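I sat down with this one to look up a few things a bench colleague might ask about. Here are my notes, in the order I made them.

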Amino acid sequence: MGSESSALKSYTLKEPPFTLPSGLAIYPAVLQDGRRASIFVYKRENEDKVNKAAKHLKTLRHPCLLRFLSCTVEADGIHLVTERVQPLEVALETLSSAEVCAGLYDILLALIFLHDRGHLTHNNVCLSSVFVSEDGHWKLGGMETVCKVPQATPEFLKSIQSVRDPASVPPEEMSPEFTTLPESHGHARDAYAFGTLVESLLTILSEQVSADVLSSFQQTLHSALLNPLPKCRPALCTLLSHDYFRNDFLEVVNFLKSLTLKSEEEKTEFFKFLLDRVSCLSEELIASRLVPLLLNQLVFAEPVAVKSFLPHLLGPKKDSARGDPPCLLSPALFQSRVIPVLLQLFEVHEEHVRMVLLSHLEAYVGHFTQEQLKKIILPQVLLGLRDTSESIVAVTLHSLAVLVSLLGPEVVVGGERTKIFKRTAPSFTKMVDLSPEGDQFSQPIKFPMNGLSDVKNTLGDSENFPSSSKKSEEWPDWSEPEEPENKAVSIQICPTEACDASTCPLTHVNAEEVAWEDVGPSSLDTEMSAGGGVPAVRPGTSGEQEAIPTLLSLTEESKPLKSIPPQKTGLAQSGHEPDQTKPPKGSSQERHLKAPPELGLGEEFTIQKWWFPTRMTSHQ
């Protein structure tokens, strides 16, 4: 209490104030540390009453009692500073029947606390003594009329008559024979006043419960609380078990308030069916009263709550989302009620809290402002990268990926970035760059079938390729052995089918000659069909008959084959130079079909066809 008072060095009053029937003015205010508060301004002649009220508020601490912050003497009067509240008379128009029922339950708990724990009597329970906090709870105020039960003499009650509501005064005080009530019936005065307060709100309460429950509650009010004889008024704690206060909303609120006292079995059963119980409540009631009780460290530590209920609360409703859990709050209510609570939870450095927040980040991150994302959410998320928990680091990395789509990589990653990876797709001969700066093809590329393309169609299309595409990277050759390019066979064959190999002028070897075995047509076909490729060369064959592989190159325009000037081969260098005009008798030739590189699969995928003509005996 002392630390709270010392921290309140200054505050700012906001207009306009609200004036109670007793003449007391209530100002909304903002404290120096940013907290919201209410200032009750009393006249200086009421200093004794103010000191008495401040004393009770300091010493009596209960969730349903008005919370005291400080009390100072100013030029315009005595200022009593409390938590931010508004009078019930102002807030009543906006409250639902369920909220009114829960509020009456709060006042009932406050009075039971005064009677049983403090042995006090309030003496002025009425509409002007009740206030509504920002979280929707009703708070009992007006503590300047509180006294011990034996001190509630006729003289004391007469001294506070100016601030008391006439409707809350019980009938026995009107009798000239009235005396101080015995301590056993000290609750009777407040019981009567509470009965009048409930009766004034029955028109609102009728919307909440069934007719039978409401009728039973009215009968209890008139026969017990409003009984003209104080000795016939029961203790207020007997009302707690009435059916009127047995509803889903109140049971959920009471369970969450006493969560630490519940067993594991009770908590499991409660959170397992919590969604069904709150689905029947209004969205405003859930947002204003249940969200603060459900979004906290205690609930986040319950595995059943994390699995069965929180996914429905950590996200707004969507129009049509198949597979997503149905959410409880509309986007507007989620923005106004849930987002402020989540911002506070990101300041909590507890592992189980951070795991829950980041696991559902994608569901609600879009409702933060850009400033909130940059100044609060992103710095808090980045802390997880330095944590020793592997699960925290993993969920943090996933959350950063979500934030990149909202803030951009420049904000999330930072630093200078460069283009390292290109968007490419493999062609049969080239890598096609699909990145924005490499997208140069206006027409779809026709890929060949099995490495051989349609020459007529493809040759025409290849002319339309831009020159830059020919400079693209080619697929590396993993299948062929690395050999010098100057050993490639480049021998062409005379197109005349009836030509004799011994007299053909185009039979000039332009490559290293290799000795081949004289193979007949039948055996050659058998070996080629069985092996699917080039027949094997068997050693020890005769040197008279040689087959020199020749290469048939197909040009794009199917030009006539031209002869290649004779060059010295490996055989000539070894001292066995062949006849330049007449090749060895029975020499074989090689036909190597090779498609243009931009049309086929590339050298490593080119299908080569070897053809070995046999010795022709006569021209046909």
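Before starting, I wrote down my cut-offs: a residue is buried under 20% relative accessible area, exposed over 50%, and partly exposed in between. I also noted that this is a predicted model.

**Cysteines.** I looked up C237 and found 38% relative accessibility, which lies between those cut-offs, so I put C237 down as partly exposed. Then I turned to C64, which counts as buried because its relative accessibility is 3%. I also checked for disulfides, and the structure holds zero.

**Helix α8.** How far apart are the end C-alpha atoms of α8? I got 20 Å for this helix of 15 residues (211-225), which agrees with the 21 Å expected at 1.5 Å a residue. Next I listed the buried residues of α8: V213, L214, F217, L221, A224 and L225. Looking down the helix axis, I saw these buried residues fall within an arc of 125 degrees, so they line one face of α8. On the face turned away from that buried side, I found A211, D212 and Q219 exposed. I then asked what the buried residues of α8 pack against, and noted α6 (188-200) and α7 (202-205).

**Helices α12 and α16.** I moved on to α12 (residues 283-294) and α16 (residues 331-345), whose axes are 10 Å apart and meet at an angle of about 10 degrees. Angles under 35 degrees count as roughly parallel, so I logged α12 as roughly parallel to α16. For the contact, I jotted down E283, E284, A287, S288 and V291 from α12, and L333, R337, V338 and V341 from α16.

Key:
Residues are numbered from 1 along each chain as its sequence is written. This is a predicted model: local features need pLDDT of at least 70, side-chain atom pairs count only at pLDDT 80 or more; totals for chains, interfaces and linings use all residues. Side-chain values use heavy atoms; hydrogens and water are left out. A disulfide is a pair of cysteine sulfur atoms within 2.5 Å. Buried means under 20% relative accessible area, exposed over 50%, partly exposed in between (1.4 Å probe, protein chains only). Helices (H or I, at least four residues) and strands (E, at least two) are DSSP runs, numbered from the N terminus. The expected span of a helix is 1.5 Å times one less than its number of residues. The arc is that of the directions from the helix axis to the C-beta atoms. Contact means heavy atoms within 4.5 Å. Axes are lines fitted to C-alpha atoms, for helices over the stretch in contact, and angles run from 0 to 180 degrees between N-to-C directions. Angles under 35 degrees count as roughly parallel, over 145 as roughly antiparallel, 65 to 115 as roughly perpendicular and the rest as oblique.
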